[in-house]
Amino acid sequence: MAVLVAYDASEPAQKAVEHAFTTYPDHEIVLLRVIEAADGAPSASVKIAQDMIREREEEVAEEFPDETWEIVGDPDLEFRTELVAGNPSREIVSYAADNDIDHIIVGSHGRSGLSRVLLGSVAEKVVRRSPVPVTVMR
């Protein structure tokens, strides 16, 4: 079983990581970080995002383990990290569908009412579009 954790370093995302490792200790854990690219961005913007990914790959490879060890407290945990560019909810759902993910865990800031309408909700979109079960952490 593979579990995808949408990770953006926020407090809810850290709770999602902790939940993944405590609830699914014997499963493959994939931490996915999405560099947000605006919808309809010109190809130059996509090229810039792709360049950002290449530039950050080494840094992210080092950041994820350190951040995760701080959250979970066990440097022997095994997990995989992935970095993609695009719309966060679409990229999370797409990654899950394309990579045999069995479960998604995503953090939510718990916004409601007008702030949720104005800002949108990645977690809500993932829940509605996901081909697999989703756990939302607040």
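These legends describe close-up views of a predicted model.

**Figure 1. Overview of the protein chain, with five helices and five strands.** From the N terminus on, the order of elements is β-α-β-α-β-α-β-α-α-β. The chain has 138 residues, and 38% of them are buried. Among contacts with a separation of 6 or more, 78% join residues 24 or more positions apart. The exposed surface comes to about 7900 Å². Carbon and sulfur atoms supply 47% of that surface.

**Figure 2. Helix H1, residues 11–23.** H1 has 13 residues. Its span from first C-alpha to last is 18 Å, close to the 18 Å expected at 1.5 Å a residue. Six names make up its buried set: Pro-12, Ala-13, Ala-16, Val-17, Ala-20 and Phe-21. Two of these, Val-17 and Ala-20, reappear in Figure 6.

**Figure 3. Ala-9, in the loop between strand E1 (2–6) and H1.** Most residues other than glycine have a negative phi. Ala-9 is not a glycine, yet its phi is positive, about 75°. Its relative accessibility is 32%, so Ala-9 counts as partly exposed.

**Figure 4. The buried side of helix H3 (88–98).** Which residues of H3 are buried? They are Pro-88, Ser-89, Ile-92, Val-93, Tyr-95 and Ala-96. These residues cover an arc of only 160° around the axis, so they lie on the same side of H3. Their cover includes E1, strand E2 (28–36), strand E3 (80–86), E4 and H5.

**Figure 5. Asp-100, in the loop between H3 and strand E4 (103–107).** Asp-100 follows H3. Its phi is near 55°, a positive value in a residue other than glycine. Is Asp-100 buried or exposed? Its relative accessibility is 67%, over the 50% cut-off, so Asp-100 counts as exposed.

**Figure 6. The largest nonpolar core, with 17 residues.** Leu-4, Leu-32, Ile-92, Tyr-95, Ile-101 and Ile-104 touch the most other members. E1, E2, H3, E4 and H5 each supply at least two residues of this core. The largest share comes from H3, with four residues. Another core, of 13 residues, lies apart from this one. Its members include Val-3, Val-17, Ala-20 and Tyr-24.

**Figure 7. Contacts of Ile-92.** What does Ile-92 touch, leaving aside neighbours within four places in sequence? Its partners are Leu-4, Ala-6, Leu-32, Val-34, Ile-104, Val-122 and Val-126. Ile-92 is one of the buried residues of H3. Leu-4, Leu-32 and Ile-104 are, like Ile-92, among the core members that touch the most others.

**Figure 8. Pro-131, in the loop between helix H5 (122–129) and strand E5 (134–137).** Pro-131 is exposed, because its relative accessible area is 53% and the cut-off is over 50%. Residues up to four places away in sequence are not counted here; beyond them, Pro-131 touches Val-93 and Ala-97. Val-93 is one of the buried residues of H3. Ala-96 is buried in H3 as well. Pro-131 and Ala-96 are 35 residues apart in sequence. In space, their C-alpha atoms are 7.7 Å apart.

Methods
Residues are numbered from 1 along each chain as its sequence is written. This is a predicted model: local features need pLDDT of at least 70, side-chain atom pairs count only at pLDDT 80 or more; totals for chains, interfaces and linings use all residues. Side-chain values use heavy atoms; hydrogens and water are left out. The expected span of a helix is 1.5 Å times one less than its number of residues. Buried means under 20% relative accessible area, exposed over 50%, partly exposed in between (1.4 Å probe, protein chains only). Contact means heavy atoms within 4.5 Å. Accessible areas come from the Shrake-Rupley method with a 1.4 Å probe; for residues, only the protein chains shown count as cover. The arc is that of the directions from the helix axis to the C-beta atoms. A nonpolar core is a set of buried Ala, Val, Leu, Ile, Met, Phe, Trp, Tyr and Cys residues joined through side-chain atoms within 4.5 Å.
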